[in-house]
Amino acid sequence: MNSILRSSSFEIDLNGHGGNRRSAQLCELINAAGLAIHDVQSKVTNNRLSRYVNGIKFLAKYRFSISFSYQLIGQCGYYYKIYKNFLESYSGIKLLLWEDTVNYIVPYIAREAGFKIIAVPQNLESLVVDHINPFTYRNLPDNFEDEIKYLSKTDLVFCISREEQWLLRLRGINADFLPYYPPEQILSSLLKLRKARNNSLNKRFLIIGTAANPPTRIGMIEQIDWLKEISKEIQYEVDIAGYGTEQLRKYCDSPNFTLHGTLAPEELNTLLTNAKAVLVHQKAGVGALTRIPEMLIAGIPVIANGNACRSAFNYPGIYCYDSQSELAELMCRQLDEPTILPRPLEAEKRFINCLKQLTQEEYPDGY
């Protein structure tokens, strides 16, 4: 099986966080196109002087903007050496899947080495709360302009949300839409969970997320504050679980909350089986683009605010709110079991056909 290169900071881990699962989805679709993934190896041995020399070469050649510091020059030289050596020595299909789109150096060197580039950003990095360009130290709106410049060097961008596709197309980027849908092994587990929920009392609410992620943590804290206010009017019980949620303990000073912290998959499944709904809230952020589809497939209704449910407003089983009173009303409502979210077959087909087209251009007479 022929392989394409992947530049990513995410391991393909079916038990990992949303980023890992998105990577697993992409891997499954690449395999469906008859291709395998070969990750760019990120190890290179060079001394400090070599990093500085290569950094200066890279910055001068591509007029790449940085906030001047010897550390950033050395960092540019380090990544320039990694990718230049690896890509020039690679003898397979010259197609690069660029997933770690915060590594802005990648498209410059890939183009130099004659690679076609498909960017698959997990989200637009410049829109993440408090994100700054790691090379220029610029934040919004300047770092968004930087990101547009980097993404414009690709052949095609597959966005995880409609909003990002719309925004990139406004700026002249060739952008398509590939929503998250869980790969087969995760899908099978979610359907088993859905079946187990048929015997559940489904009375408790569940907040789940990775609190180590700043936008997620900020949203969880605001959601807990809202729920404390709501508790003056209605009765409810909420379980809170996920990586790093132990750090939320000081906010959960109410008998309405049970803080579980980081859980094993079996323990988390018990909470999911007995949840009336999953509560998702983002004060500012880029949405819950992997969590929401998985919960709906598992048969769990999702109550989310407008920021969190972007690109999922029309999914059956999603209930959107914009105020505390709306949240309280939804928590009191009888929520029907969501229908199983259908696969985005046409989007998957476009992605697979794009892979085949770009690899056939590399080998027009076949593999």
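A salt bridge, as I will use the term this morning, is a side-chain nitrogen of Lys or Arg within 4 Å of a carboxyl oxygen of Asp or Glu. What we have on the screen is a predicted model, and by that rule the count in it comes to 21 salt bridges.

Let me begin with Arg 204 and Asp 239, which form a salt bridge whose closest N and O atoms are 2.8 Å apart. This pair links distant parts of the chain, since Arg 204 belongs to strand E7, residues 204-208, while Asp 239 belongs to strand E8, residues 238-241, and the two are 35 residues apart. How does the accessibility of the partners look, buried or exposed, beginning with Asp 239? Asp 239 has a relative accessible area of 5%, and because anything under 20% is classed as buried, Asp 239 is buried. Arg 204, on the other hand, is at 23% relative accessibility and therefore counts as partly exposed.

The next pair is Asp 253 with Lys 228, whose side chains meet in a salt bridge with an N to O distance of 2.7 Å. Here again distant parts of the chain are linked, with Asp 253 in the loop between E8 and strand E9 (257-261) and Lys 228 in helix H8, 25 residues apart. Asp 253 is at 60% relative accessibility, and because the exposed class begins over 50%, Asp 253 counts as exposed. Lys 228, with a relative accessible area of 23%, is partly exposed.

A pair within one element is given by Glu 346 and Lys 349, where the N to O distance of the salt bridge is 3.6 Å. Both residues lie in helix H12, residues 345-362, and they are three residues apart, which is about one turn of the helix. Lys 349 is partly exposed, with a relative accessible area of 44%. There is also a network, in which salt bridges that share partners join Lys 61, Lys 84, Glu 88 and Glu 112.

I turn now to the largest pocket, which has a volume of about 1400 Å³. Its lining is made up of 47 residues, and those that lie nearest its centre are Gly 16, His 17, Gly 18, Arg 21 and Thr 290. The elements that give two or more residues to this lining are helices H1 (18-32), H7 (184-196), H8 (214-230), H9 (265-273) and H10 (291-297). Which of them gives the most to the lining? That is H7, with six residues. By residue class, the lining of the largest pocket divides into 21 nonpolar, 20 polar and six charged residues.

Finally, some points about the backbone. Leu 140 and Pro 141 are joined by a cis peptide bond, with omega at about 0 degrees, and Pro 141 is placed in the loop between strand E4 (116-119) and helix H5 (142-151). Tyr 137 also lies in the loop between E4 and H5, and its phi is near 65 degrees, a positive value in a residue other than glycine. Tyr 137 has a relative accessible area of 45% and is partly exposed. Ser 311, which is not a glycine either, has a positive phi of about 70 degrees, and its place is in the loop between strand E11 (302-305) and strand E12 (318-321). At 14% relative accessibility, Ser 311 counts as buried.

Terms used
Residues numbered from 1 in each chain as written. Predicted model: local features only at pLDDT ≥ 70, side-chain atom pairs only at ≥ 80, totals over all residues. Heavy atoms only, no water. 1 Å grid on protein atoms, 1.4 Å probe; cavity = no way out; pocket = protein on both sides within 12 Å on 5 of 7 lines; lining within 4 Å. Points joined across faces, edges and corners; volume = space filled by probe spheres on them. Helix = DSSP H or I, 4+ residues; strand = E, 2+ residues; numbered from the N terminus. Nonpolar A, V, L, I, M, F, W, Y, C, P; charged D, E, K, R; others polar. Buried < 20%, exposed > 50% of the residue type's maximum accessible area, 1.4 Å probe, protein only.
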